[in-house]
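The following note is offered to a colleague who is meeting this structure for the first time. Its points may be read in order alongside the display.

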Amino acid sequence: MTYIIEGSTGPWEIVVGLEVHCQVVSKSKLFSGASTTFGNDPNTNVSLVDAAMPGMLPVINEECVRQAVKTGLGLKARINLESVFARKNYFYADLPQGYQISQFDKPIVGEGTIILDMPDGSTKSVGIERLHLEQDAGKSMHDQDPKYSHIDLNRSGVALMEIVSKPDIRTPEEAGAYLTKLRAIVRYLGTCDGNMNEGSMRCDANVSVRRPGAEFGTRCEIKNVNSIRYVMQAIEIEAKRQVEVIEAGGEIVQETRLYDPRLGETRSMRSKEMAHDYRYFPDPDLLPLVFDQAFVSEIEKTLPELPDEKKARFMRENGLSAYDAGVLVADQEKAAYYEVVAKGRDGKLAANWVITNLFGALNKLEVPVTESPVTAENLGKLLDLISDDTISGRIAKDVFEIMIETGNDPEKIVEEKGLKQITDTGAIETAIDEVIAANPDKVQEIRDGKDRMLGWFVGQVMKSTGGKANPGMVNQMLRDKILG
């Protein structure tokens, strides 16, 4: 679906490219042995290399290289057997070397593709331009002292994968779907934890507007947005700002901007540097990074089943819709939970209970599926109780509520509360006879052709049995009794 901004002079289209920084899952940094543990006291995860002491030389971390290659394979991207580390020169207080070791014209991973799962069940391909390895900068802390800024170098030198998309994204929703899918892929691979709150996944959005189908306009980069929702908001707000500027006779200046979610606006941060301003050149302390196809093939053997493949399998084996399968595979833990519930059972019924009932309850509790009070095994048992007619679907919802509150086994709950479905024809017949005797006028209405009244009788019998009578048996027996 095309997203159009209706300006005063006509329609405008958004063009978006995303640059996502993913912190590599590794115990030590890209060029030093210092720890990468999050949350340690400031300046405790710092080696002499990270602090840029004179004479210190970087040494490449092989695990970080493996993780980058693994991510490239997960993105169906070209792996470059030779890549080069370059120095990206700029001055900032939290960059002790005065340059960042990154990759410029020869990255470790080339072009790839991500398939977006849209809410309406459709898909869209977005191209990956490149993935390169680089070291993170430190962190400036402005709230420690009224007069001075403090520097924490714990993050300095931590390995990042910068994943750059092609400008194929056209709506805020597509940007959200792209980030959701990318985060799922790196989490499945175990190459990045995708935690935007801790800064281990950060997004820069390049936004421009154009007349539909025209040449690309001048883009502005919105820097360091730390949630998927904020990225979507920032794109929409920035695009509308650009349309207003152009239609008022102004010109878009290529610059870096910040998004303020509190005020709902983007603000200019600095004019955008072009690549030559960074004076990139190959790092003289690091040889080109070279490995062979056998190294890549070994990593390829370790790849797990990724979201797209899992989604296709869920649709094929369990008869799920594209939407339901997409919801379940968006998170590895959710997919694993569902597989336990669905094993040997009706896949569609399992998906309905997991997506609607379980996820709905967990959202209210604000807990992830890994902390669900209802285990996958117990939810599976609940479905078995429905399937073998021990309880009705309506009673199952009551049992589920108790399971959410207590975490108890459903069989135990049904036994203790006396919730077993009544399938004894004698007991059901007694309840039916009582309802019929009390409502002769309504019985006559059914006999006169008002079939809809039959549902009312079913409801009354269910009510008189506390919802425990088998609804199918009640329906059939009422028909036999009233209509002969």
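1. A term is needed at the outset: a residue is called buried under 20% relative accessible area, exposed over 50%, and partly exposed in between. Asn 43 has 39% relative accessibility, so this residue counts as partly exposed. The reader should also bear in mind that the model is a predicted one.

2. Asn 43 deserves a further remark on its backbone. Its phi is near 60°, which is a positive value in a residue other than glycine. The residue belongs to the loop that runs between strand 2 (10–23) and helix 1 (62–74).

3. Lys 76 may be read beside Asn 43. For Lys 76, phi is near 55°, again a positive value in a residue other than glycine. Lys 76 sits in the loop between helix 1 and strand 3 (82–83). Is Lys 76 buried or exposed? With a relative accessible area of 52%, Lys 76 is exposed.

4. On the overall form, the secondary structure of the chain amounts to 15 helices and 16 strands. The radius of gyration of the chain is 30 Å, whereas a compact globule of 484 residues would have one near 23 Å. The C-alpha trace spans about 95 × 55 × 50 Å along its principal axes.

5. On contacts and surface, 47% of the 484 residues count as buried. Among contacts in the chain with a separation of 6 or more, 68% are accounted for by residues 24 or more positions apart. The chain exposes about 23700 Å², and carbon and sulfur atoms supply 50% of that area.

6. On charge, the chain carries 57 positive and 74 negative side chains. How far apart do the centres of the two sets lie? The centres of the positive and negative sets are 1 Å apart.

7. The structure contains eight aromatic pairs. Phe 314 and Tyr 338 form an aromatic pair of the edge-to-face kind, with 5.1 Å centre to centre and 65° between the planes. Phe 314 belongs to helix 5 (residues 307–318) and Tyr 338 to helix 7 (residues 332–342), so the pair ties together parts that are 24 residues apart in sequence. Both Phe 314 and Tyr 338 are buried.

8. A separate aromatic grouping should be inspected as well. Which residues form one aromatic cluster? Tyr 90, Phe 104, Tyr 278 and Tyr 280 do so.

9. Ile 169 lies in the loop between strand 10 (159–165) and helix 2 (172–189). Its relative accessibility is 0%, so Ile 169 counts as buried. Leaving aside residues up to four places away in sequence, Ile 169 touches Ile 14, Val 15, Val 16, Leu 18, Val 126, Glu 174, Ala 175 and Tyr 178. One of these, Ile 14, is 155 residues from Ile 169 in sequence, yet the two are 8.1 Å apart in space, C-alpha to C-alpha.

10. Asp 260 offers a charged residue for inspection, found in strand 13 (residues 255–260). Its relative accessible area is 11%, so Asp 260 is buried. With residues up to four places away in sequence not counted, Asp 260 touches Glu 265 and Arg 267.

Note on methods
Residues are numbered from 1 along each chain as its sequence is written. This is a predicted model: local features need pLDDT of at least 70, side-chain atom pairs count only at pLDDT 80 or more; totals for chains, interfaces and linings use all residues. Side-chain values use heavy atoms; hydrogens and water are left out. Helices (H or I, at least four residues) and strands (E, at least two) are DSSP runs, numbered from the N terminus. The radius of gyration is taken over C-alpha atoms; the globule rule is 2.2 Å times the number of residues to the power 0.38. Buried means under 20% relative accessible area, exposed over 50%, partly exposed in between (1.4 Å probe, protein chains only). Contact means heavy atoms within 4.5 Å. Accessible areas come from the Shrake-Rupley method with a 1.4 Å probe; for residues, only the protein chains shown count as cover. Lys and Arg count as positive and Asp and Glu as negative; His and the chain ends are not counted. The place of a charge is taken as NZ of Lys, CZ of Arg, CG of Asp or CD of Glu. Rings of Phe, Tyr and Trp (its six-membered ring) pair if their centres lie within 6.5 Å; planes under 30 degrees apart count as stacked, over 60 as edge-to-face and the rest as tilted.
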